[in-house]
Amino acid sequence: FKPFRGMEELTSSNEISLIERPVTSATGIYANRQFLMGVGYKGLLMGDTLGYQAHLMQLGAANSTNEGTSMGVRTYFVPVNADGTTIHAGLSYSIDGEPGRGGSTNTTNRPQYPYAGRRGPVIRFGDAGGASAANSDDHQKTLALELAGAMGPFTAQAEYATATLENADAVTGDAKVDAYYMQLGWFITGENSAYKADRGAFGKPKPLGENGALELVARYEAMENKDEDATNNMCAIGTGLATAGGVGGETACEITLITAGLNWYLNPNVRFMLNYYMGEADVGVGTDEPDAITLRTQLSF
């Protein structure tokens with residue numbers, strides 16, 4: 001199972017409304033973490049209106065950018081979940097890192113985001129322990145908030161996560177990285193998003209007609225290192241490429257992305273997804289504004 005961090009992160013890849021996950025997930029602020037082993041516990045209270053989750057995991061996998069121990073808790077409150085109407089509010093907190101991995105070659109915590117596609121460079125927003133001596137004990141501490149609602153064919157959800165990277169820079173010390181998104185969805189054909197109380201996340205709809213369900217989705221997201229400036233080089237593109245801090249007078253380390261999507265749920269097992277992206281990456285070596293179109297076909301069983 002995944003670490004219990006955030007609503008969109010815990011939504012199945014078969015059920016997410018857009019092809020890519022937002023910056024508040026393992027795509028961004030949690031640096032694409034994978035797990036090796038772990039234990040967890042979750043449950044529901046108060047007539048399924050209050051959910052709680054906790055995990056203790058050893059992170060790390062082949063080609064991952066980080067490893068170490070993750071400890072986290074998540075709780076969510078669902079005061080309304082009936083007759084096509086849902087209200088959800090959630091909170092999570094996690095501490096990630098590996099003792100003794102300090103130093104400039106530290107690979108413990110690197111919030112990052114795809115830059116030139118998943119197989120190209122990424123923007124790295126900072127390293128916990130990047131300024132520490134060997135055998136230090138530095139962590140990424142992340143607090144995340146969730147708010148979501150559904151009413152008939154309309155769905156809205158938003159998440160905000162703020163991470164502290166301990167000893168990320170020798171001059172400025174800790175670094176603060178913020179990430180958030182806002183997402184809206186509308187089923188043109190009248191369906192509604194199913195809510196899964198045991199997971200604390202939305203699921204896929206059941207098409208009402210013979211021709212399936214059509215859904216329009218839009219999302220705005222952003223992630224930024226609040227402490228990047230001309231005195232440090234915490235932000236970088238890829239590995240070994242130009243760093244951001246102090247280049248050409250620029251000190252920004254920020255990415256924003258607008259995504260528009262159209263989903264066709266042909267039946268409960270077949271889905272087609274079309275996404276259009278408008279991005280802006282400002283990492284101190286100039287501003288890039290890429291556009292992209294992606295198509296995904298899905299068969300689930």
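**View 1. Arg5 and Asp96 meet through their side chains, in a polar contact of 2.8 Å.** This is a predicted model. Arg5 sits in the segment before E1. The side chain of Arg5 also reaches a second partner: a polar contact of 2.9 Å links it to the side chain of Ser70. Is Arg5 buried or exposed? Arg5 has a relative accessible area of 5%. Buried means under 20%, so Arg5 counts as buried.

**View 2. His55 contacts the backbone of Phe4 from strand E2.** The title combines two details: His55 belongs to strand E2, and its side chain comes to 3.2 Å from the backbone nitrogen of Phe4. His55 is buried because its relative accessibility is 6%. Which residues does His55 touch, leaving aside its neighbours within four places in sequence? Phe1, Pro3 and Phe4 are among them. Val39 and Gly40 are also in contact with His55. Ser70, Met71 and Gly72 complete the list for His55. Ser70 appears in View 1 too, where its side chain makes a polar contact with that of Arg5.

**View 3. Asp48 has a positive phi in the loop between strands E1 and E2.** Phi of Asp48 is near 70°. Asp48 is a residue other than glycine. The flanking strands are E1, residues 35-45, and E2, residues 50-59. Asp48 is partly exposed because its relative accessibility is 45%.

**View 4. Asn167 has a positive phi within strand E8.** What is the phi of Asn167? The value is about 50°, although Asn167 is not a glycine. Strand E8 covers residues 154-169. Asn167 counts as partly exposed because its relative accessibility is 34%.

**View 5. Strand E14 pairs with E12 in the antiparallel sense, and with E15 in the antiparallel sense too.** E12 spans residues 213-225, and E14 spans residues 254-267. How many bridges join E12 and E14? There are 12. Leu214 stands opposite Trp264 of E14. In a regular strand, side chains alternate between the two faces of the sheet.

**View 6. E14 and E15 form a hairpin.** The hairpin has 2 residues between its strands. E15 runs over residues 270-282. The antiparallel pairing of E14 and E15 has 13 bridges. Where does Asn267 find its opposite residue? Asn267 stands opposite Val270 in E15.

Technical notes
Residues numbered from 1 in each chain as written. Predicted model: local features only at pLDDT ≥ 70, side-chain atom pairs only at ≥ 80, totals over all residues. Heavy atoms only, no water. Helix = DSSP H or I, 4+ residues; strand = E, 2+ residues; numbered from the N terminus. Buried < 20%, exposed > 50% of the residue type's maximum accessible area, 1.4 Å probe, protein only. Pairing = 2+ DSSP bridges. Polar contact = N/O pair within 3.5 Å; in protein donor to acceptor, adjacent residues only side chain to side chain. Contact = heavy atoms within 4.5 Å.
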